[in-house]
Amino acid sequence: MPDIKATAPEVPADKAFDPAKALAAAGETPYAANVKATTEVNGVPSATMSGRANLNGPFTGRVKMKSGKSTTEVVMTDDANYIRFTDTAGAAWTRTPRTDNGFPTSYEGYAKLLLDVGPSARRGMEEQGGIATYRLSGYLSLTQIASVDPRNHASMKTKGIAGFDIDQWIDSRGRTIRFEQRFELRGVKAANKGTFSDFGPAEKFTAPTSG
């Protein structure tokens with residue numbers, strides 16, 4: 001696996017932590033965070049998502065997704081999803097029944113799988129966005145992924161993806177701050193990358209009216 005470590009500032013010794021203990025102590029209480037995710041093909045972004053959402057529980061929130069020249073806004077509430085295509089001025093919101101949208105609500109399972117890989121997965125402390133994090137790295141097979149993310153497993157299996165290289169940075173509370181998943185699809189190099197920031201208590205997202 002290539003070493004993607006950047007010249008991140010060193011983490012003071014008093015902020016270092018054991019990733020296994022951080023994950024073991026991670027709570028099950030939902031929380032909100034700003035989310036940014038990008039899908040890249042041969043190093044070029046092909047789709048992006050950004051917004052704020054509730055994690056570690058039912059995925060609700062408000063996000064904007066861009067793919068090519070198309071931009072879509074999605075609001076996910078406790079009982080419905082709302083979508084509109086912003087390429088058209090004055091586009092109305094369309095309501096659909098609540099679904100899980102395919103968005104993972106926690107990456108904790110991936111981090112635990114990486115710990116199971118062994119000492120080689122422990123890459124050490126790195127600062128990310130001013131936060132002390134521990135970086136975990138390794139390769140996860142399709143079978144391993146099935147145990148923590150059945151939806152992603154099914155999608156990968158359909159596409160013929162055998163697994164992916166993954167780097168994941170967690171904070172002292174076991175929350176994912178950043179992740180990168182890299183794989184090949186029919187000979188094309190692709191990657192899913194994401195960051196989470198500005199954590200806070202779970203928030204209430206309601207049906208949009210306008211704006």
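Here is a friendly set of questions and answers about this predicted model.

Me: In what order do the 11 strands of the open sheet run?
Reply: Glad you started there, as the sheet helps in placing other parts. The pairing in this open sheet is antiparallel. Its 11 strands come in the order β6-β5-β4-β3-β2-β1-β11-β10-β9-β8-β7.

Me: Which are the edge strands?
Reply: An edge strand here pairs on one side only. From one strand to the next, the twist averages 20 degrees. The edge strands are β6 (94-97) and β7 (122-128).

Me: Which helix packs on the sheet, and what angle does its direction make with that of β8?
Reply: The helix is α2, residues 108-117. It touches β7, β8 (131-141), β9 and β10 (176-185). Between the direction of α2 and that of β8 the angle is about 70 degrees.

Me: How many bridges pair strand β1 with strand β11?
Reply: Strand β1 covers residues 31-41 and strand β11 covers residues 188-201. Across this pairing, E40 stands opposite A191 in β11. The two strands run in the antiparallel sense, and the number of bridges is 10.

Me: Which residue in the hairpin of β1 and β2 takes a positive phi?
Reply: β1 pairs with strand β2 (residues 44-55) over 11 bridges, in the antiparallel sense. Along that pairing, A33 stands opposite A53 in β2. The hairpin has 2 residues between the strands. The residue with a positive phi, near 55 degrees, is N42.

Me: Where is Q168 found, and is Q168 buried or exposed?
Reply: Look in strand β9, residues 163-170, to find Q168. Its relative accessible area is 0%, and buried means under 20%. Q168 is therefore buried.

Me: Which residue has a backbone oxygen that the side chain of Q168 reaches?
Reply: Leaving aside residues up to four places away in sequence, Q168 touches several residues, including Y110, L114, R135 and F179. Y107 is also one of the residues that Q168 touches. At 2.9 Å, the side chain of Q168 reaches the backbone oxygen of Y107.

Me: How far apart in sequence are the parts that R52 and E203 tie together?
Reply: The side chains of R52 and E203 meet in a salt bridge, at 2.7 Å from N to O. R52 lies in strand β2, while E203 lies in the segment after β11, so the pair ties together parts that are 151 residues apart in sequence.

Me: Which of R52 and E203 counts as buried, and which as partly exposed?
Reply: The cut-off for buried is under 20% relative accessible area. R52 has 19% relative accessibility, so R52 counts as buried. E203 has 33%, so E203 counts as partly exposed.

Me: Which residue forms a salt bridge with R175?
Reply: The closest N and O atoms of this pair are 2.9 Å apart. R175 is buried, with a relative accessible area of 15%. The partner is buried too, with a relative accessible area of 5%. That partner is D171.

Me: Which residues are linked with R135 in a network of salt bridges?
Reply: One salt bridge joins R135 to E126, with the closest N and O atoms 3.3 Å apart. Both R135 and E126 are buried. The structure holds 13 salt bridges. Linked with R135 in the network are E126, D167, R178, E180 and R182.

Me: Why is the aromatic pair of F17 and Y134 tilted?
Reply: The count of aromatic pairs comes to 7. In the pair of F17 and Y134, the ring centres are 6.5 Å apart. Planes under 30 degrees apart count as stacked and over 60 as edge-to-face. The planes of these rings stand at 55 degrees, so the pair is tilted.

Me: Which parts of the structure do Y110 and F164 tie together?
Reply: The rings of Y110 and F164 have their centres 6.0 Å apart. Y110 is buried, with a relative accessible area of 2%, and F164 counts as buried at 2%. Both belong to a cluster in which ring pairs link Y107, Y110, F164, F179 and F196. The parts tied together, 54 residues apart in sequence, are helix α2 and strand β9.

How values were computed:
Residues are numbered from 1 along each chain as its sequence is written. This is a predicted model: local features need pLDDT of at least 70, side-chain atom pairs count only at pLDDT 80 or more; totals for chains, interfaces and linings use all residues. Side-chain values use heavy atoms; hydrogens and water are left out. Helices (H or I, at least four residues) and strands (E, at least two) are DSSP runs, numbered from the N terminus. Buried means under 20% relative accessible area, exposed over 50%, partly exposed in between (1.4 Å probe, protein chains only). A polar contact is a pair of N or O atoms within 3.5 Å; within protein, one must be able to donate a hydrogen and the other to accept it, and residues adjacent in sequence count only if both atoms are side-chain atoms. Contact means heavy atoms within 4.5 Å. Two strands pair if DSSP finds at least two bridges between them. Axes are lines fitted to C-alpha atoms, for helices over the stretch in contact, and angles run from 0 to 180 degrees between N-to-C directions. A salt bridge is a side-chain nitrogen of Lys or Arg within 4 Å of a carboxyl oxygen of Asp or Glu.
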